[in-house]
Amino acid sequence: MALDLETREQLIETVRRFVSERLRPLEAKVAEDDAMPDEIVQEMKELGLFGLSIPEAYGGLDLSMEDECLVALELGRTSPAFRSTFGTNVGIGSQGLVMFGTDEQKARYLPKIASGEIITSFALTEPEAGSDSAAVQTRAVLDGDHYVLNGSKRYITNANKADLFTVMTRTDQTKPGAGGVSAFLVERNLPGLSVGKPEKKMGQQGAHVCDVIFENVRVPVENRLGKEGEGFKVAMQVLDRGRLHISAVCVGVAERLIADCVAYASERKQFGQALTGFQLIQGMIADCKTEALAAKALTMETARRRDAGESVTMEAAASKYFASEMVGRVADRAVQIFGGAGYIADYGIERFYRDVRIFRIYEGTSQIQQVVIARETLKRGG
Ligand code: COS
């Protein structure tokens with residue numbers, strides 16, 4: 001549902017204030033502790049951040065894609081680990097259910113997802129299946145009124161906190177590709193489901209990824225999401241949407257870094273003048289700004305087209321490709337503009353440099369986005 005302009009402004013302003021007053025002061029601490037303070041998670045719940053994309057009927061804010069991207073952009077102005085806390089509930093952990101769930105499944109889970117009472121995860125990637133997501137090997141075998149799941153998933157965001165997993169499995173062993181994949185809603189407390197230790201990562205400390213292991217986990221038939229064999233489509237549609245949200249976060253991080261660069265370069269003096277007086281510094285700032293504006297325009301235009309009912313698989317891939325590569329270049333220039341200080345942890349710039357690296361990898365690598373863009377462009381003839 002699209003918000004009227006006044007409500008949208010109020011929401012954006014509320015999120016902006018939350019980011020600047022509550023999250024930014026905690027950036028270094030969250031990274032150092034590799035943990036999210038409970039009171040911050042509670043405040044996120046009270047603000048409705050866990051339910052941004054959940055239909056109103058189930059207690060969410062039911063934002064349009066355009067409004068969700070505007071909110072995601074504001075949340076990009078701080079360490080991306082904060083957004084990750086509720087990111088799975090808003091995106092890949094809930095949207096399969098929103099798009100493909102039965103009324104009964106939605107009524108059972110969505111209100112608790114919207115409130116943040118339950119945390120969700122999206123379990124697609126496996127040791128042998130990441131970019132090639134049609135190659136999942138986790139098996140789901142029908143046994144009476146249950147499916148029995150066996151296999152393992154890798155790098156699953158928020159798995160250590162998750163109460164509900166959307167799991168991609170192979171139900172038809174005779175179909176090796178996309179056609180044999182089915183999705184399930186799997187509750188955390190089922191016997192045989194275990195979660196590995198959080199991995200040590202390059203960045204985004206405070207957000208966690210873990211293995212998830214299924215050993216004869218019996219999942220009721222009524223927890224299948226969509227039809228048998230429809231799981232790949234579920235995954236692709238969830239990712240199409242998630243890629244736009246990530247693009248908006250990339251734009252937000254870029255805008256944050258540009259502001260930090262301007263502030264630092266205005267203060268820092270060399271050769272008797274502020275860095276902002278040097279055209280080579282201005283050139284880097286101009287490149288950052290131009291690319292951030294371009295990424296924002298592409299992302300917001302794609303979000304509006306999606307809201308209007310258009311298929312935007314290609315445009316969402318293009319947004320993610322451009323925005324994630326863009327923020328990598330912006331973070332690199334930010335280190336350069338800060339010079340020695342850019343390499344020192346206290347300034348926080350090197351942390352962003354590490355944090356943004358994953359944007360080019362998760363929810364589809366840049367190379368996968370190129371494949372999607374090229375395929376569709378070739379199909380359309382231009
Ligand atoms: N929306 C809906 N359906 C889609 C779709 C989309 N965006 N993309 C593909 N499909 C459908 C196709 O139409 C096809 O259906 P039919 O068999 O009925 O025609 C089916 O899915 C298989 O599609 P395709 O043959 O294109 O599958 P491929 O195995 O060649 O894979 C890519 C396509 C590479 C695009 C896909 O595997 C992908 O996006 N991989 C990256 C996954 C990813 O992001 N992983 C990161 C970890 S998850 S956080």
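Student: Which atom of Gly364 lies 3.0 Å from an oxygen atom of the ligand?
Tutor: A backbone N or O atom of Gly364. This is a predicted model, where local features need pLDDT of at least 70, side-chain atom pairs count only at pLDDT 80 or more, and totals for chains, interfaces and linings use all residues. Residues are numbered from 1 along each chain as its sequence is written, and side-chain values use heavy atoms, with hydrogens and water left out.

Student: And what about the side chain of Arg375?
Tutor: One of its N or O atoms is 2.5 Å from an oxygen atom of the ligand. Arg243 has a polar side-chain atom 2.9 Å from a ligand oxygen.

Student: Which helix gives the most to the shell around the ligand?
Tutor: That's α8, with seven residues. Helices here are DSSP runs of H or I, at least four residues, numbered from the N terminus.

Student: Where does the ligand lie, domain-wise?
Tutor: Between domain 2 (120-229) and domain 3 (233-380), because both give residues to the shell around the ligand. Those bounds come from an automatic or database domain assignment.

Student: New topic: how many disulfides does the structure hold?
Tutor: Zero. A disulfide is a pair of cysteine sulfur atoms within 2.5 Å.

Student: Why is there no bond for Cys69?
Tutor: Because the closest cysteine sulfur, in Cys250, is 11 Å from the sulfur of Cys69, too far for a bond.

Student: Is Cys69 buried or exposed?
Tutor: Buried, at 0% relative accessibility. Buried means under 20% relative accessible area, exposed over 50%, and partly exposed in between, using a 1.4 Å probe and protein chains only.

Technical notes: A polar contact is a pair of N or O atoms within 3.5 Å; within protein, one must be able to donate a hydrogen and the other to accept it, and residues adjacent in sequence count only if both atoms are side-chain atoms. Helices (H or I, at least four residues) and strands (E, at least two) are DSSP runs, numbered from the N terminus.
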